[in-house]
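Biologist: I'd like to learn how to read a model like this one, feature by feature. Could you take me through it?

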Amino acid sequence: MSEIKTELTKEQFEIVGKNIEKMESISRPSLTFWQEAWRRIRSNRAAFFSLILLIIYVLLAIFAPMLSKYGFDQQDAYAMKQGLSLEHWLGTDSLGRDLWVRVWMGARVSLTIGLLAAVINSVIGTILGGFCGYYGGKLDMVVMRIIDVIYGIPSLIVCILVMVVLGSGVQSLIIAMVLVGWTGTCRFTRGEVYRLKEQEFVLAAQVMGEPVFTIILREIIPNIMGLLITNLTMAIPGAIFQEAFLSYIGLGISPPQASWGVLAKEGTKMLQVAPHILYVPAFFICTTVLALNQLGNGLRDAFDPRLRGTE
Amino acid sequence: MTKYILKRVGISLITIFVLVTVVFFLARLMPGGPFNDPKLSETARENLSAYYGFDKPIFEQYITYLKNILSFDFGFSTKYPSRTVNDLLAGSFPYSVDLGVRALCFAISFGLVFGIISALNRGNKIDLIFVIIAVIGTSVPDFIMGAILQYFFAIEWGLLPIAEYKGFAYTILPSVGLGFYTMASVSRIMRASMLEVVQQDYIKTARSKGISRFRVTWKHQIRNAIMPVITILGPTVAAVLTGTFVIESLFAIPGMGKYYVESVQNNDYSLILGMTVFYGTFLVLCNMIVDILYGIVDPRIRIAGK
């Protein structure tokens, strides 16, 4: 066994000199929080691709029904249950309605419900949770007990009840989802505010005499904005699923109005004869939910300060 | 511990009370009123009015209603006045529970196994396959999953019976369809949790003591990694049991979800309300049991409450 020579001699080193300018220079450009998050989202391939896909879906939902020559409820007895073709890009359903147009009309409804329900929930939850966390005490106690109760009741049961009373439609769907949906964000925000309110910047704002509302909204909330946006993204799939479920059991949106849930329901009825009527809406529901989940994961990583600077 | 259990039971009782009260007052808000159906015979209407005490002031009606519920009397169907909710429940609830339990067993066992295999093969092809299964599973609503399974396994390939519920082979497709989403989320959580546990110091300690890799994985890693999975069981039980609504109507299983959906589609108000109260109460109790079990399993809660 030969001995490995490890000793270092002085000749092996040389002085490279001192470059003060280089030492003091900033190696990374200074980025704001949002720039940094954007940069990391872009470098996350799955999340970035998801974002682009979602933008395409939104654009198609806005423009595709306008540009097509078919109406979303226009029936054609000579073109029923057709497969994919140049005439009807995604085929036609059991009443000869063009699926391409119906899918994007459905996307308008489903995406609007998903987005609106999630945003309204977040806003209510954030404000209420902010006050609860900041003040604590009785207000906090009462709101938390209310949340315990709402949380205990399965949200679908509440949705079904509300839909039965209000009747089907986009508004009732959103109201039903908001009634139970705000609790999650509220709990989360309360916890975060509770944690942050002891910090110096809050104290500084208090000393400056800022009103409580400003402290919560301008000082504390921006600090948890990243997490809130992540939660928001993750909440949209749930709302889309719920709409699909409610429409499926006949409570959500009623035909001929289209939503992805309605289309999927029509598809399950035609499954034996023309499976594409189910596959088409199923594909769009799944890819949208998938993209939102991936984007949510990407956002969580992008906003996580512990991962800052790592690629 | 006792304090924790009492608190859970208390919250659940309040929740049930709130649910029952909300249902009662919503019933008064319903468009047209539940008993204005012109098809309803005069005697049936009178019987229903007497049963619900509509001639009395609202507070008294409320008390009657509470008494009825406390004696497990959930009301009549307005569509078929000879049927009571209790009859329907007695005939259909066992099917739903059976289906729900099967789906949960499938979801938890396969979810755990997939998660564990995936984590142990981190980064290679096997992991990738299971991650893709999990990602797809969590983006497909259960009724679409059920319909697709039905199409391929029953219609196209004819491997399994297409519908109804008459033996083990009949239960496979509905249970898998119902449990797939949960299975995917369990496997995701288990994978993440396994990967987190493997970095802990006690795993290194165990390995450095010379315990075999298998024993470390089995006795230390999996045991600790399973905790986060238990936390999602409460919401999961609720999700699976409400999921039975669509799966039952898809597979023509005579469970209560099917009747529930039917009653919604027929605007059979009193049946909807009765079943909602029953279903809601049942799910709240499920949640409570899961919470209490979690308290027993989690040493932090067990010790803190002493």
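Biologist: Let's start with backbone angles. Which residue follows helix 12 of chain B, and what is its phi?

Modeller: The general idea first: most residues other than glycine have a negative phi, and most peptide bonds are trans. Here, in what is a predicted model, Asn267(B) comes after helix 12 of chain B and has a positive phi, near 55°. Ala252(B) is another case to look at: not a glycine, yet its phi is positive, about 50°.

Biologist: Where does Ala252(B) lie, and is Ala252(B) buried or exposed?

Modeller: Ala252(B) sits in the loop that joins helix 11 and helix 12 of chain B. Ala252(B) counts as exposed because there are 12 other C-beta atoms within 10 Å, and a residue is called exposed at 12 or fewer.

Biologist: What about helix 12 of chain B itself: how many of its residues are buried?

Modeller: Helix 12 of chain B spans residues 256-265, and 7 of its 10 residues are buried, so count it as mostly covered. The buried ones are Met256(B), Gly257(B), Lys258(B), Tyr259(B), Tyr260(B), Ser263(B) and Val264(B). When you scan such a list, keep the helix repeat in mind: an α-helix has 3.6 residues a turn, so residues three or four places apart point the same way.

Biologist: What covers those buried residues of helix 12 of chain B?

Modeller: Elements from both chains. The cover includes helix 4 (85-120), helix 11 (233-250) and helix 13 (269-297) of chain B, along with helix 6 of chain A. One residue to click on is Ile160(A): leaving out residues up to four places away in sequence, Ile160(A) touches Leu251(A), and across in chain B it touches Val264(B) and Thr276(B).

Biologist: That brings us to the interface. How many residues does each chain put into the contact?

Modeller: Chain A gives 31 residues and chain B gives 36 residues. On the chain A side, helix 5 (137-152), helix 6 (155-166), helix 9 (212-248), helix 10 (260-269) and helix 11 (276-303) each supply at least two residues. Helix 11 of chain A has the largest share of that side, with 7 residues. By residue type, the chain A side splits into 24 nonpolar, 6 polar and 1 charged.

Biologist: Helix 11 of chain A turns up there. How do I read its packing against helix 4 of chain A?

Modeller: Two packed helices are described by the angle between their axes and the distance between the axes. For helix 4 (residues 99-135) and helix 11 of chain A, the angle is about 35° and the axes are 11 Å apart. The crossing of these two helices is right-handed. Helix 4 of chain A brings Leu99(A), Val103(A), Gly106(A) and Ala107(A) to the contact, while helix 11 of chain A brings Val280(A), Pro281(A) and Phe284(A). That makes 6 nonpolar, 1 polar and no charged residues.

Biologist: Which residues have the most contacts inside the largest nonpolar core?

Modeller: Val103(A), Cys159(A), Ile160(A), Met177(A), Ala264(A) and Ile285(A), in a core of 142 residues. Helix 4 of chain A contributes the largest share of this core, 16 residues.

Biologist: Can we try a single residue? Why does Thr183(A) count as buried?

Modeller: Thr183(A) counts as buried because it has 23 C-beta neighbours inside 10 Å, and 20 or more is the cut-off. Thr183(A) belongs to helix 7 (residues 170-196) of chain A. Beyond four places in sequence, its contacts are Ile147(A), Ile150(A) and Tyr151(A). Gly125(A) lies 58 residues from Thr183(A) in sequence, yet their C-alpha atoms are 6.3 Å apart.

Biologist: Now zoom out. What do the chains look like overall?

Modeller: Chain A has 11 helices and 0 strands, and chain B has 14 helices and 0 strands. Of the 311 residues of chain A, 42% are buried; for the 306 residues of chain B, the share is 39%. For overall form, chain A has a radius of gyration of 27 Å, whereas a compact globule of 311 residues would have one near 19 Å. Its C-alpha atoms take up a box of roughly 90 × 65 × 45 Å along the principal axes.

Biologist: And how do I read contact range in sequence?

Modeller: Take the contacts between residues at least 6 apart, then ask what share joins residues at least 24 apart: 66% in chain A and 75% in chain B.

Key:
Residues are numbered from 1 along each chain as its sequence is written. Chains are lettered from A and ligands numbered from 1 in the order in which they are written. This is a predicted model: local features need pLDDT of at least 70, side-chain atom pairs count only at pLDDT 80 or more; totals for chains, interfaces and linings use all residues. Two residues are in contact if their C-beta atoms, placed from the backbone, lie within 7 Å. Helices (H or I, at least four residues) and strands (E, at least two) are DSSP runs, numbered from the N terminus. Ala, Val, Leu, Ile, Met, Phe, Trp, Tyr, Cys and Pro count as nonpolar, Asp, Glu, Lys and Arg as charged, and the others, Gly among them, as polar. The radius of gyration is taken over C-alpha atoms; the globule rule is 2.2 Å times the number of residues to the power 0.38. Axes are lines fitted to C-alpha atoms, for helices over the stretch in contact, and angles run from 0 to 180 degrees between N-to-C directions. A crossing is left-handed if the near helix is turned anticlockwise from the far one by less than a right angle, and right-handed if clockwise. A nonpolar core is a set of buried Ala, Val, Leu, Ile, Met, Phe, Trp, Tyr and Cys residues joined through C-beta atoms within 7 Å.
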